[in-house]
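Dear colleague,

I am passing on the structure we spoke about, together with some notes on what turned up when I went through it. Please have it open beside you as you read.

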Amino acid sequence: MGDKIDWNSQEGLITSDGSQSPATGLIHEIIHVLVNEAGVPNEQQDQTTILKENAVNLQTGEGTRRDHNDGAVGTVSGPTCRSTEDGGEVCG
Amino acid sequence: MVRLKYIILTTIVLLQGCGESGEVDIYYDGFWTKHRVYQSEAQLEETAKIKIKKLDIKLLSDEASTYLFYNFGVSNNANIPEDIVFMALIRSLDGKLKRKIIGDGIYLYDVTNNLFKVLDDDQKDYLRCFFTKYASEPVIDEKLESHCIKYKN
């Protein structure tokens, strides 16, 4: 039936290193699909996805993730917005 | 010795199997589903795409019963599921929890007996169609409905 991505455009993430926008969440899911299609064994897919996602995070300046379970979901107002340490958010 | 342990444990599971009366609650979010951050059992219970409540175990097809409840075994390499996309709670008719099985995209884990199994894609596909059929609330997905016609007699 093919891969399908469900994406919440207001779902941000607070990681151990900083915060992430919903856009990064979409990138994360796209990477998952690509990693699966590349034939990476199931047991290695999560870690491979995080490694690749972190490469993107280093370029965008968003928070990296220690592993696939690093992060707590939080609502932000738009796809390019992310939480700031003072409880606000920055967008764009 | 390990093999003997496997045989004994498998026998125990088969003997206590699900041939008797009882009910099962099933929470299913997709065997191929991955979440941005791992999903807990509590989160699955709350937001599962498919919920089946108090299904009489006798209504399970032979295939569904076999795939879900039998042929679990000891595995030293398997990891206990972290991103929970499946949970089955098997209860006796008086409501007492008899067996609990959780699953991620790779393993089914029998929490009660500390045993594992791996479903292949065909088995996962059969089960998702079976769950769709018995969902407590109708699943509105025409593509899936069309896909699952092949399993209807």
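Please keep in mind that this is a predicted model. I begin in chain B, where M87(B) stands opposite I102(B) in strand 4 of that chain. This pair belongs to a longer antiparallel arrangement, in which strand 3 of chain B is joined to strand 4 (residues 97–103) of chain B by 6 bridges. The two strands form a hairpin with 5 residues between them, and G95(B), which sits in the turn, has a positive phi of about 90°.

Strand 3 of chain B also pairs with strand 1 (residues 23–28) of chain B, again in the antiparallel sense and over 6 bridges, and here V24(B) stands opposite I90(B) of strand 3. Of the 6 residues of strand 3 (residues 86–91) of chain B, 5 are buried, so this strand is largely enclosed by the rest of the structure.

Turning to chain A, helix 1 (residues 22–37) has 16 residues and reaches 23 Å from its first C-alpha to its last, which is close to the 22 Å expected at 1.5 Å a residue. The buried residues in this helix are P22(A), T24(A), G25(A), H28(A), E29(A) and H32(A). Because they cover an arc of only 155° around the axis, they lie on the same side of helix 1 of chain A. These buried residues pack against strand 1 (11–14), strand 2 (19–20) and helix 2 (42–60) of chain A. Just after helix 1 of chain A, G39(A) takes a positive phi of about 85°.

With best wishes

How values were computed. Residues are numbered from 1 along each chain as its sequence is written. Chains are lettered from A and ligands numbered from 1 in the order in which they are written. This is a predicted model: local features need pLDDT of at least 70, side-chain atom pairs count only at pLDDT 80 or more; totals for chains, interfaces and linings use all residues. A residue is buried if 20 or more other C-beta atoms lie within 10 Å of its own, exposed if 12 or fewer, and partly exposed in between; C-beta atoms are placed from the backbone. Helices (H or I, at least four residues) and strands (E, at least two) are DSSP runs, numbered from the N terminus. Two strands pair if DSSP finds at least two bridges between them. The expected span of a helix is 1.5 Å times one less than its number of residues. The arc is that of the directions from the helix axis to the C-beta atoms. Two residues are in contact if their C-beta atoms, placed from the backbone, lie within 7 Å.
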